[in-house]
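Biologist: Could you take me through this one and tell me what stands behind each label? I would like to see the criteria next to the values.

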Amino acid sequence: MARLVLLWCFFIFTATSVNLVCSRSPQKDHTALFVFGDSLYDPGNNNYIDTIIKANYYPYGETFFKYPTGRFSDGRIIADFIAEFANLPLIPPYLQPGNHEFTYGVNFASAGAGALSETYQGFVIDLKTQLSYFKKVAKLMRKELGDAEATVIFSKAVYLINIGGNDYISFLTSNSTVFQSSSKQEYVAMVMGNLTETIEEIYKKGGRKFGFLNMGSLGCVPSMKALAPGNTTGSCFEQVNEIAKLHDAALPKALEELETKLVEVKYSMHYLNISYAERRNNPEKYGFKEANIACCGSGPYRGMFSCGGRRGVTKYELCSDPNDYLFFDSDHLTEKACKQIAQLMWSGTPNITGPYNLKALFEV
């Protein structure tokens, strides 16, 4: 009698090829990766919602994939490299049609998303909604795998979260009374409150290991430099940096409190403000020729969010080689820069990534 053998297949992406790998069942000893956040981590979820905040057109994706995937870069993004370093397949967007296999993890991130539901409301998948998607995945996995196996997956998994930048940009640029009725300190506390609540909810579902970035010098990206009043010298938008610094002061305190409050929680935080500053101040040291102007965009510093000509401004400039640039478009890193940041998150020393790096979290 013939016997049916089920093969488990996934794509492994390398620098030179795309390979389909099949096995009789998922690897039992792997550590899954679940991703939450904004455009820094979005692999294409926004392709599947009604929004103008998309990157599913040329020239996005041209360096590596050779076609636009929805990632806000010329190629791979940070979460892709973390998956690669962890020997995982690329973690797919949750909303991708036909995506029903979550054993290796799934990515919920949405470009433009914030910790607050009011941030770009109606155009993004906010953090609370991303959390609700994760809860659906957790319920499905427990139903399909059983509580015991699902619990092992969730407790071993690493949860990568990056959120807040869009909240702060909205706070400083929106006329909404929600934003204008709070002080900077109160607003940061609201963002931090929603973030810590999300971590606690993931913890209830079994999550124990978390990875974060601090906010970095948000006012130094090309879009913010272009908005800085009277900026003709390439200086950063200090009003934006001020609120980012408040966030960066609050985040480690919140994580330390959670580590004390929640048994077995371990976390990694990369100091993006340091790695950004090093590359802006010494681009040649890291293989870049340009760290102030974006590869793709228009206006001062190519800081207008016009790359690809699909967001109301049809004309834009495009550099000849993204590898020469720190920023691909007005707000987002090139693939080369993403890989460098991911490497520091993965194996950085405590002065740049701590108290654990991601490699340690995947191995613990």
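Modeller: Gladly! Let's begin with a definition: a salt bridge is a side-chain nitrogen of Lys or Arg within 4 Å of a carboxyl oxygen of Asp or Glu. By that criterion the structure holds 13 salt bridges. Bear in mind that this is a predicted model, where local features need pLDDT of at least 70, side-chain atom pairs count only at pLDDT 80 or more, and totals for chains, interfaces and linings use all residues. Residues are numbered from 1 along each chain as its sequence is written, and side-chain values use heavy atoms, with hydrogens and water left out.

Biologist: What makes Lys261 and Glu200 a salt bridge?

Modeller: Their side chains meet at 2.6 Å, N to O, and the cut-off is 4 Å, so the pair counts. Lys261 sits in helix H8 and Glu200 in helix H6, 61 residues apart, so distant parts of the chain are linked. Helices here are DSSP runs of H or I with at least four residues, strands are E runs of at least two, and both are numbered from the N terminus.

Biologist: Why are H4 and H6 called roughly antiparallel?

Modeller: The axes of H4 (residues 165–173) and H6 (residues 184–204) cross at roughly 150° and come within 11 Å. Axes are lines fitted to C-alpha atoms, for helices over the stretch in contact, and angles run from 0 to 180 degrees between N-to-C directions. Angles under 35 degrees count as roughly parallel, over 145 as roughly antiparallel, 65 to 115 as roughly perpendicular and the rest as oblique. H4 and H6 are therefore roughly antiparallel.

Biologist: And why are H1 and H10 oblique to each other?

Modeller: H1 and helix H10 (residues 335–347) pack at about 50°, with axes 8 Å apart. That angle falls in none of the named ranges, and therefore the two helices are oblique.

Biologist: Which residues of H1 make that contact?

Modeller: Ile78, Phe81, Ile82 and Phe85 do, and their partners in H10 include Ala342 and Trp346; contact means heavy atoms within 4.5 Å.

Biologist: How do you know that S3 and S5 pair?

Modeller: Two strands pair if DSSP finds at least two bridges between them. Five bridges join S3 (residues 33–37) to S5 (residues 158–162), which run parallel, so the criterion is met. One bridge partner pair is Val35 with Leu160 in S5.

Biologist: What is the order of the strands in the open sheet?

Modeller: The six strands are ordered S4-S3-S5-S6-S7-S10, with mixed pairing. S4 (105–107) and S10 (353–355) are the edge strands, each pairing on one side only.
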